[in-house]
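Please open the model in your viewer and keep the selection tool at hand. The tour below goes from selection to selection and says what is there at each stop.

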Amino acid sequence: MMSSQPTTQPQMYETILNPYPRSHVMVPGSQQPVSFIHLGNQAQSGQPPFFGSPGIITNSQQGPVNTQVVNPATGTETTNFREDAKILGAIQIMIGLMHIGFGIILGFMNVVYGQVLGFASFALISGYPFWGGISFITTGTLSILASKKLSPSLIKSSLGMNIVSTFFAFIGVILLLVDVSINGLPNQDYWAVLSGKGIAAMLIIFSLLEFCTNCTTAYFAKQAITKTNRPVLVIPNMYEASPLEAGFS
């Protein structure tokens, strides 16, 4: 029978009851429960607390404990962003190059020959094929860099540029639809109008594809950002026997 009177042992161990419900999740091959902690709280304490029997947290000095930090909440989102952002970023760069190339060709069809008018394009006058193409290339480059380095600042920059490029693509679709509807007058060159409408239709398709690509990339970037602040799972790999537990055994 153990006495409740204080002893004069050289080392004292303080035992604090855990107010939280007992966890039934156990590490395979170990007698310690798996615990969820926040990294900020662990950094303030100076050393990780020792997890003894279920429901009891012992603050006694223990030997070195090897822990494995696992964040199950961020693994899937980070993997999705890493894999998909590279492909989507390459598509965005190709769409941007297509916009610049078709914009240059569209400029030659806007030339007036005498009394014959060329293809009138509000999208070309506003410069959408060029500033839109540069925006799409920049967005794709940031998406690829963010997927490689997984830096929080790069992921946030990629998210912001995808939102901006989505807005640009929406404006471009409206301008190109106006170009298709206003052309076809009798004093316009037939072949210029026919070719211009074909190029405008191609740019509409690429703009819609860019719109969908930006929305998808922004979704994965948002998921990768919001899931990084969740608690992590700390799994002790090995531990030394507590002197307190040896006294009770």
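Rings of Phe, Tyr and Trp (for Trp, the six-membered ring) are taken to pair if their centres lie within 6.5 Å, with planes under 30 degrees apart counted as stacked, over 60 as edge-to-face and the rest as tilted. By that criterion, a search of the whole structure finds six aromatic pairs. Select Y190 and W191, which form one edge-to-face pair with 5.2 Å centre to centre and 80 degrees between the planes. Y190 is exposed, at a relative accessible area of 57%, and W191 is exposed as well, at 60%; here buried means under 20% relative accessible area, exposed over 50% and partly exposed in between, using a 1.4 Å probe and protein chains only.

Before going further, note that this is a predicted model, in which local features need pLDDT of at least 70 and side-chain atom pairs count only at pLDDT 80 or more, while totals for chains, interfaces and linings use all residues. Residues are numbered from 1 along each chain as its sequence is written, and side-chain values use heavy atoms, with hydrogens and water left out.

Next, select Y128, W131, F167 and F168, which ring pairs link into a cluster. Then widen the selection to helix α4 (residues 128–149) and helix α5 (residues 152–182), which pack at an angle of about 155 degrees with their axes 9 Å apart. Helices are DSSP runs of H or I with at least four residues, numbered from the N terminus; axes are lines fitted to C-alpha atoms over the stretch in contact, and angles run from 0 to 180 degrees between N-to-C directions. That angle makes α4 roughly antiparallel to α5, a label for angles over 145 degrees. Between these two helices, where contact means heavy atoms within 4.5 Å, the residues that meet include Y128, W131 and F136 in α4 and M161, F168 and L176 in α5.

Keep α5 and add helix α6 (residues 190–226): these two pack at an angle of about 155 degrees, with their axes 8 Å apart. This makes α5 roughly antiparallel to α6.

Which cysteine sulfur is the nearest to that of C212? A disulfide is a pair of cysteine sulfur atoms within 2.5 Å, and a search of the whole structure finds zero disulfides. C212 is in no disulfide, and the nearest cysteine sulfur, that of C215, is 6.6 Å away. To finish, colour both residues by accessibility: C212 is partly exposed, with a relative accessible area of 46%, and C215 is partly exposed, with 35%.

Terms used:
Parallel < 35°, antiparallel > 145°, perpendicular 65-115°, else oblique.
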